[in-house]
Amino acid sequence: MFRSLLLFFMTNPTMGITEWINEMKRTPLYAILSGFEVGDVPGVGTFYDFFKRLWASGDKHIRAQKRNRRKSKPKKGKKGEKAPIGAPGRISRLAGGMRHAAKTTDLPADRLFHFFQENIVNVSARFGLIGDCSALSATGDGTPLVTAAYSRSKSTCDCRAQDLAECNHPRIYSQPDCNIGWDSSREKYFNGYHLYMISAADSKHDLPLYPRLQPASRHDALSLVISSVEFK
């Protein structure tokens, strides 16, 4: 199932699961590469049951879907620079607290990270592709990941029907883990995630060691602290 899912992302990432199943029936090679018998591929329900096993949480999202609107966008950075951090000293306080944290926090995506570590990172390490693991050097960097043109949500009240322009009632967001961030390279706002990637620095291959989706509004420095502690 996982092999078929990877093949789906590599060949036809824009189509839906139902169409992917039809594609495996029309193109037997896809079924063979997935490890299925030709003419006997899983149904849609089987794939969605498999998705639930990859996400170790009863909630679909990390943040609550029902919440108040964000009143303002993050501040813009100067030309070619990152947006400023909202609260001065936040990074040092966060780093100090997480440095002494003894408890490991479970993440919903830990099953995927475990698969990535055991079957990709460890295999690359055995082939010497990520450098000296006894003295590993790593680097981190973030990049914008756009998911939609704007945040999609629906109201929980009838204020608009009553012609009330100003409304502070909570709304239900379809992608609550996404928000608005500032893209310093393109000098524009975007809606989505901030993909922070920790990669092997001692290797010419620049292979990823720990990919982590952070909120779009999160600063690179904050993502560095959080991702490095989780990675360790």
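These legends walk through several close-up views of a predicted model.

**Figure 1. The whole chain, helix by helix and strand by strand.**
Start with the overview: the protein chain has 7 helices and 7 strands. If you follow the sequence from start to end, the elements come in the pattern α-α-α-α-β-α-α-β-β-β-β-β-β-α. How much of the chain is buried? Of its 232 residues, 30% count as buried.

**Figure 2. An open sheet built from three strands.**
Here 3 strands sit together in an open sheet, and their order is S1-S4-S3. The pairing is antiparallel. Which strands stand at the edges? They are S1 (66–67) and S3 (153–155), and each has a single partner strand, so one side of each is left without a neighbour in the sheet. Now look at where S1 meets S4, which covers residues 171–173. The two strands pair in the antiparallel sense, over 2 bridges. For a spot to look at, try Arg67, which stands opposite Arg171 in S4.

**Figure 3. Strands S5 and S6 make a hairpin.**
Strand S5 spans residues 179–183, and it's mostly covered: 4 of its 5 residues are buried. Its partner here is S6, which runs antiparallel to S5 and is joined to it by 5 bridges. One bridge to find is the one between Asp183 and Lys188, with Lys188 on the S6 side. The hairpin has 4 residues between the strands. What is special about the backbone of Glu187 in this hairpin? Glu187 takes a positive phi, near 55 degrees. As background for looking at any strand, side chains in a regular strand alternate between the two faces of the sheet.

**Figure 4. Cysteines without a disulfide.**
This view shows Cys157, Cys159 and Cys167. Why doesn't Cys159 form a disulfide? Its closest cysteine sulfur, in Cys157, is 3.4 Å away, and that is too far for a bond, because a disulfide needs the two sulfur atoms within 2.5 Å. Cys167 tells a similar story: Cys157 again holds the closest cysteine sulfur, this time at 3.5 Å, which is too far for a bond. The count for the structure is 0 disulfides. Are Cys159 and Cys167 buried or exposed? Cys159 is buried, with a relative accessible area of 8%, whereas Cys167 is partly exposed, at 26%.

**Figure 5. The largest pocket and what lines it.**
The largest pocket has a volume of about 1,900 Å³. It is lined by 39 residues, and the closest to its centre are Trp55, Ala109, Leu112, Tyr193 and Leu213. Which parts of the chain supply the lining? Helices H1 (2–11), H4 (44–54) and H6 (110–126) each give at least two residues, and so do strands S6 (188–200) and S7 (208–215). Sorted by type, the lining has 25 nonpolar, 7 polar and 7 charged residues.

**Figure 6. A closed-off cavity.**
The structure holds 1 cavity of 30 Å³ or more. The largest cavity has a volume of about 40 Å³. Which residues line it? They are Ser151, Arg152, Tyr173, Ser174, Gln175, Cys178 and Asn191. That lining splits into 2 nonpolar, 4 polar and 1 charged.

**Figure 7. Asp220 and Val225 in helix H7.**
Helix H7 covers residues 220–231, and Asp220 is found in it. Asp220 is buried, with a relative accessible area of 15%. What does its side chain touch? A polar contact of 2.6 Å joins the side chain of Asp220 to that of His194. Val225 has its place in H7 too, and at 11% relative accessibility it counts as buried. Look for Ser92 as well: Val225 and Ser92 are 133 residues apart in sequence, but their C-alpha atoms are 9.4 Å apart in space.

**Figure 8. Ser124 and the backbone of helix H6.**
Ser124 lies in helix H6. Is this residue buried or exposed? Ser124 is buried, with a relative accessible area of 13%. Zoom in on its side chain and you'll find a polar atom 2.8 Å from the backbone oxygen of Ile120.

Key. Residues numbered from 1 in each chain as written. Predicted model: local features only at pLDDT ≥ 70, side-chain atom pairs only at ≥ 80, totals over all residues. Heavy atoms only, no water. Buried < 20%, exposed > 50% of the residue type's maximum accessible area, 1.4 Å probe, protein only. Pairing = 2+ DSSP bridges. 1 Å grid on protein atoms, 1.4 Å probe; cavity = no way out; pocket = protein on both sides within 12 Å on 5 of 7 lines; lining within 4 Å. Points joined across faces, edges and corners; volume = space filled by probe spheres on them. Nonpolar A, V, L, I, M, F, W, Y, C, P; charged D, E, K, R; others polar. Polar contact = N/O pair within 3.5 Å; in protein donor to acceptor, adjacent residues only side chain to side chain.
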